[in-house]
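Here is a short report on one protein model. Please keep the sequence and the 3D view open as you read.

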Amino acid sequence: MRGGLFITIEGGEGAGKTTLIHALAHKAQTLGHEVMITREPGGIPIAEAIRAVILNKENTAMDARTEALLYAAARRQHLAEKVIPALQKDAVVICDRFVDSSLAYQGHARGLGIEAVWEINRFATEGCMPDLTLYLDLDPEIGLQRIEQNGEREVNRLDLESLAFHRKVREGYKLVEARFADRFVTIDASESPERIVEEAWKHLAGKLV
């Protein structure tokens, strides 16, 4: 049996996930909750090593199915080694990306099919799914401009994809939202950071006990 609260933050490139995650973590900690921030792919050494392969700008020959399988492998190890143990200790886990990213990016934008990628990840997650997913919705053109203007952010292989690809990612998230409407909340990421945090916290606070 797992306890705790599993929150995932989703969005296209440059949507502002990192800023929101730290703001939400601070608010939850202020209320006395133990909070663990993590990310996908990554969060632990094995998954970080897989991340380095996936996002390496030199790996342009990577097959879409290979990419999907690598994400699922990193996800499984991350869950087993870090997320599930934290949830069992009743922590609030806030994760930058999770399975919905794979469904939107590889399932829809890469054309593998959301159902096919979901099957891979059903095996990887073994039923451990978020209690709440906050999706930061933003015009991909704006998101990519933000990345270009942010000299401190790493530029990875996915950032180099075409604008058309990122638009398909956004389409994919809409399909994911329809499929998982019970846990999926869309937030307008073109709003001010303060407004985004306020809206997100409203949904997260309702899950905290």
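The report below goes through an annotated site, a central strand, some unusual backbone geometry, the cysteines and a contact across the sequence.

## The model and its annotated site

The model is predicted. An unreviewed UniProt entry carries a "binding site" annotation over G11, G12, E13, G14, A15, G16, K17 and T18. From this set, G12, E13 and A15 belong to the lining of the largest cavity.

G12 sits in the loop that runs from β1 (5–11) to α1 (17–30). Beyond its neighbours within four places in sequence, G12 touches K17, R97, Y105, Y135, L136 and Y173. G16 is also in the loop between β1 and α1. Its contacts, with neighbours within four places again set aside, are L136 and R146. L136 thus appears in the contact lists of both G12 and G16. Is G16 buried, partly exposed or exposed? G16 has a relative accessible area of 31%. Buried needs a value under 20% and exposed one over 50%, so G16 counts as partly exposed.

## Strand β1 and its partners

β1 leads into the loop that holds G12. The strand is mostly covered, with seven of its seven residues buried. L5, I7, I9 and G11 point one way. F6, T8 and E10 point the other way. Residues in both sets are buried. In a regular strand, side chains alternate between the two faces of the sheet.

Which strands pair with β1? One is β3 (residues 92–96), which pairs with β1 in the parallel sense over five bridges. Another is β4 (residues 132–137), which runs parallel to β1 and is joined to it by five bridges. T8 shows both pairings. Its bridge partner in β3 is C95. Its bridge partner in β4 is T133.

## T38 in strand β2

T38 lies in strand β2. Its relative accessibility is 5%, under the 20% limit, so T38 counts as buried. The T38 side chain makes a polar contact of 3.4 Å with the side chain of K82.

K82 is one of several residues that T38 touches beyond its neighbours within four places in sequence. The others are G43, H78, V83, V93, I94, C95 and D96. Among them, C95 is also the β3 bridge partner of T8.

## Unusual backbone geometry

Most residues other than glycine have a negative phi, and most peptide bonds are trans. Three places here deserve a look. A cis peptide bond joins E40 and P41, with omega at about -15 degrees. P41 falls in the loop between β2 (35–39) and α2 (45–55).

R97 is not a glycine, yet its phi is positive, at about 80 degrees. R97 sits in the loop between β3 and α4 (99–109). R97 is buried because its relative accessibility is 11%, under the 20% limit. R97 is also among the contacts of G12. E126, again not a glycine, has a positive phi near 50 degrees. Its loop lies between α5 (114–125) and β4. Is E126 buried or exposed? The relative accessible area of E126 is 60%, over the 50% limit, so E126 is exposed.

## Cysteines

How many disulfides does the whole structure hold? The search finds zero. Why does C95 not bond to C128? C128 has the closest cysteine sulfur to that of C95, but the two lie 10 Å apart, and a disulfide needs them within 2.5 Å, so the gap is too far for a bond. Seen from the other end, C128 is in no disulfide, and the sulfur nearest to its own is that of C95.

C95 is buried, with a relative accessible area of 0%. C128 is buried too, with a relative accessible area of 5%.

## A contact across the sequence

L31 is in the loop between α1 and β2. With a relative accessible area of 56%, over the 50% limit, L31 counts as exposed.

Which residues does L31 touch beyond its neighbours within four places in sequence? They are W201 and L208. L31 and L208 are 177 residues apart in sequence. In space, their C-alpha atoms are 9.6 Å apart.

Key: Residues numbered from 1 in each chain as written. Predicted model: local features only at pLDDT ≥ 70, side-chain atom pairs only at ≥ 80, totals over all residues. Heavy atoms only, no water. UniProt positions renumbered as here; feature names shortened; annotations may be inferred. 1 Å grid on protein atoms, 1.4 Å probe; cavity = no way out; pocket = protein on both sides within 12 Å on 5 of 7 lines; lining within 4 Å. Helix = DSSP H or I, 4+ residues; strand = E, 2+ residues; numbered from the N terminus. Contact = heavy atoms within 4.5 Å. Buried < 20%, exposed > 50% of the residue type's maximum accessible area, 1.4 Å probe, protein only. Pairing = 2+ DSSP bridges. Polar contact = N/O pair within 3.5 Å; in protein donor to acceptor, adjacent residues only side chain to side chain.
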